[in-house]
Amino acid sequence: MEAGKALASNKRIRKIAFTGETTTGRLIMQYASENLIPVTLELGGKSPNVFFDDVAAAQDSFYDKCLEGFAMFALNQGEVCTSPSRALIQGGMYNDFLAQCVKRTEQITQGHPLDTETMMGAQASNDQLEKILSYIDIGRQEGAKILTGGERSDLGGELSGGYYMQPTIFEGNNAMRVFQEEIFGPVVSVARFSDYDDAITIANDTLYGLGAAVWSRDGNTAYRAGRDIQAGRVWVNNYHTYPAHSAFGGYKQSGFGRENHKMMLDHYQNTKNMLVSYSPNAQGFF
């Protein structure tokens with residue numbers, strides 16, 4: 001943060017683009033305001049991963065894809081700003097689908113990040129690991145039920161003592177802190193919804209709006225939900241694809257401005273108008 005403050009308040013800097021926590025983003029804006037430097041912010045997220053009943057209409061490859069989509073909360077150890085850290089599952093398939101999601105999560109292989117069999121490596125630092133463990137305690141205190149995980153992983157051998165965390169699934173309600181605050185680790189909080197309106201209400205009940213996903217065999221449902229969820233990026237029947245040309249950025253306290261897409265160039269340019277007269281004659285007003 002010391003380097004960020006120095007950069008954001010330096011008179012030689014003409015533009016600030018910041019990626020990080022929402023609280024730090026507010027400070028960056030304050031520092032940049034001293035010199036009226038334009039700012040774009042890509043901040044935190046608590047992305048909903050919404051599964052409608054119709055995905056369970058058949059036990060096929062698409063259903064398997066949905067199970068993988070649930071487990072995407074563990075990608076990169078959950079240290080992704082758009083991590084699907086809230087899973088919302090419709091009531092008609094809730095118990096069966098969640099049970100299979102737990103089974104899929106427990107099949108995640110942890111190990112050395114250079115081992116090609118490894119699906120999930122270690123957290124970035126001990127501080128981050130301790131933060132995750134503190135949220136595990138918060139979840140327990142709130143009454144959230146741990147369906148799997150919840151402990152530090154000890155893989156033994158040369159990996160003993162590494163910053164490894166078990167992929168963890170909480171079951172609770174959206175009012176809990178583990179549903180509302182960004183943990184930035186392999187932790188997902190699961191809640192049930194009844195119908196379409198309930199799904200959208202819960203999905204949007206967050207300070208953030210960076211990412212989201214919708215899973216449905218019904219194109220109309222998927223399209224409507226993708227439009228109604230307040231997030232800058234919505235995946236439909238997939239998660240964690242990042243094409244280089246696709247605009248990336250947030251709603252609400254996930255920040256403003258966009259990256260990657262050509263519209264990003266607008267953040268680094270000023271619009272200038274030159275009004276040139278080629279006539280030697282006065283306009284005749286005065």
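**Exercise 1.** Determine what covers the buried residues of helix H2.

*Solution.* Begin with the helix itself, residues 22–33, which has twelve residues and reaches 17 Å from its first C-alpha to its last, close to the 16 Å expected at 1.5 Å a residue (the expected span being 1.5 Å times one less than the number of residues; helices, H or I of at least four residues, and strands, E of at least two, are DSSP runs numbered from the N terminus). Next, list its buried residues, namely Thr22, Thr24, Gly25, Ile28, Tyr31 and Ala32 (buried means under 20% relative accessible area with a 1.4 Å probe, protein chains only). Finally, the elements that cover them include helix H1 (2–8), S1 and S2. The model is predicted, with local features needing pLDDT of at least 70 and side-chain atom pairs pLDDT 80 or more, while totals for chains, interfaces and linings use all residues. Residues are numbered from 1 along each chain as its sequence is written, and side-chain values use heavy atoms, without hydrogens and water.

**Exercise 2.** Work out which strands stand at the edges of the open sheet of three strands.

*Solution.* The order is S1-S2-S10, with mixed pairing (strands pair if DSSP finds at least two bridges between them). Strands S1 (16–19) and S10 (255–256) each have a single partner strand, so one side of each lacks a neighbour in the sheet. S1 and S2 (residues 39–42) run parallel, joined by four bridges, and Phe18 has Leu41 in S2 as its bridge partner.

**Exercise 3.** Locate Lys46 and find which backbone oxygen lies 2.8 Å from a polar atom of its side chain.

*Solution.* Lys46 is found in the loop between S2 and strand S3 (48–51), and the backbone oxygen in question belongs to Glu181.

Definitions and conventions:
Contact = heavy atoms within 4.5 Å. Polar contact = N/O pair within 3.5 Å; in protein donor to acceptor, adjacent residues only side chain to side chain.
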